[in-house]
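Let's take a walk through a protein fold, one piece at a time. Keep the picture open while you read.

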Amino acid sequence: MINDIVKVLISKEEITKKVNELGALISKDYKGKNPLLICILKGSCIFFADLVRAVKIPLEIDFLAVSSYGASATTTGEVKVVKDLDKSIDGRHVIIVEDIVDTGLTLNFIKQMLMRRNTLSTKICTLLDKPSRRKLQISPDYTGFEVENHFLVGYGLDYAEKYRNLPDVCILKPEIYQ
Ligand code: PRP
């Protein structure tokens, strides 16, 4: 796997530090609110597992699986719900947890869908934000790192379902996906 990588962009140590900062912020902002943190499968599963443990107030978790990219490196713009939430979110403070916001199409779809279910608040926490690729105006409320337009893998991010288990966020060699 490591031979397919140009370089480590964000090390696991930098990620840990940032996740702890995000956890502290969320703990402060949601004190007494019992927020529901929603993991958007599959990319955000590793970030999510670390983030929820960095939040030091009571919270609940749920999982939503959507698919927009398939095995291709560019989005089709179509978002499909593969697995819906287990419970009603009516009247809940919801935080959508993503690994990366790229065009914004996925998050825009998810945020609109969840808001229609009468949440009390709906915010977005993303590890990575790639604003240069945005097609829709959507701003995360909590961002770990703003990144440039590289093809990133690791710490949950994949290319054709590979590389999710790399501990750092890495730049993939162009010859792998071109
Ligand atoms: C990735 C990522 C986000 C989305 C971001 O998911 O996890 O959900 O793309 O892209 P966008 O801002 O252009 O919509 P993907 O569909 O690759 O599925 P995965 O999480 O299972 O890897």
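In what follows, a residue is called buried if its relative accessible area is under 20%, exposed if that area is over 50%, and partly exposed in between. Keep in mind that this is a predicted model.

**Helix α1 and its two sides**

Let's put those words to work on helix α1. On the side facing away from its buried residues, α1 carries the exposed residues Glu13, Lys17 and Lys28. Which residues of α1 are buried? They are Ile15, Val19, Leu22, Gly23, Ile26 and Ser27. These buried residues span an arc of only 135 degrees around the axis, so they sit on the same side of α1. There's a handy rule behind patterns like this: an α-helix has 3.6 residues a turn, so residues three or four places apart point the same way.

What do the buried residues of α1 pack against? Their partners are β1 (5-10), α2, β5, β6, β7 and β9. As for its length, α1 has 18 residues and reaches 26 Å from its first C-alpha to its last, close to the 26 Å expected at 1.5 Å a residue.

**Helix α2 and the core**

Now look at α2, where Phe47, Phe48, Leu51, Val52 and Ala54 are buried. Looking down the axis of α2, you'd find these within an arc of 155 degrees, so they line one face of the helix. They pack against α1, β2, β3, β5 and β6.

That brings us to the largest nonpolar core, which has 29 residues; Phe47, Leu51 and Leu128 have the most contacts inside it. At least two residues of this core come from each of α1 (12-29), β2 (36-41), α2 (45-54), β5 (93-101), β6 (121-129), β7 (142-146) and β9 (169-172). The largest share, 5 residues, is supplied by α2.

Zoom in on Phe47 for a moment. Which residues does Phe47 touch, leaving aside its neighbours within four places in sequence? The contacts are Val19, Leu22, Val97, Glu98, Cys125, Thr126, Leu127 and Tyr155. Apart from this core lies another one, of 17 residues, and Ile96, Leu114, Ile124 and Ile138 are among them.

**Two sheets**

Time for the strands. Six of them, in the order β4-β3-β2-β5-β6-β7, form an open sheet with mixed pairing. At the edges stand β4 (80-83) and β7, each with a single partner strand, so one side of each has no neighbour in the sheet. From one strand to the next, the twist averages 30 degrees.

α1 packs on this sheet, where it touches β5, β6 and β7, and its direction makes about 160 degrees with that of β7. Another helix, α3 (residues 105-115), lies across β2, β3, β4, β5 and β6 and runs at about 170 degrees to β5. Strand β6 is mostly covered, with 8 of its 9 residues buried.

There's also an open sheet of 3 strands, in the order β1-β9-β8, with antiparallel pairing. Its edge strands, β1 and β8 (152-153), each pair on one side only.

Here are three of the strand pairs side by side, each with one pair of facing residues.

| Strand pair | Direction | Bridges | Facing residues |
|---|---|---|---|
| β3 and β4 | antiparallel | 3 bridges | Ser67 and Lys80 |
| β5 and β6 | parallel | 8 bridges | Ile95 and Lys123 |
| β1 and β9 | antiparallel | 4 bridges | Ile5 and Leu172 |

**Backbone oddities in the loops**

Before the last stop, one general point: most residues other than glycine have a negative phi, and most peptide bonds are trans. Asn34 has a positive phi of about 40 degrees although it is not a glycine. You'll find Asn34 in the loop between α1 and β2, and with a relative accessible area of 31% Asn34 is partly exposed. Asn118 has a positive phi too, near 65 degrees, and sits in the loop between α3 and β6.

What about the peptide bond from Leu41 to Lys42: cis or trans? That bond is cis, with omega near -5 degrees. Lys42 belongs to the loop between β2 and α2.

One more loop residue is Ser132, between β6 and β7. Its relative accessibility is 57%, so Ser132 counts as exposed. Ser132 and Asn149 are 17 residues apart in sequence, and their C-alpha atoms are 6.8 Å apart in space.

Terms used
Residues are numbered from 1 along each chain as its sequence is written. This is a predicted model: local features need pLDDT of at least 70, side-chain atom pairs count only at pLDDT 80 or more; totals for chains, interfaces and linings use all residues. Side-chain values use heavy atoms; hydrogens and water are left out. A nonpolar core is a set of buried Ala, Val, Leu, Ile, Met, Phe, Trp, Tyr and Cys residues joined through side-chain atoms within 4.5 Å. Buried means under 20% relative accessible area, exposed over 50%, partly exposed in between (1.4 Å probe, protein chains only). Contact means heavy atoms within 4.5 Å. The expected span of a helix is 1.5 Å times one less than its number of residues. The arc is that of the directions from the helix axis to the C-beta atoms. Two strands pair if DSSP finds at least two bridges between them. Axes are lines fitted to C-alpha atoms, for helices over the stretch in contact, and angles run from 0 to 180 degrees between N-to-C directions.
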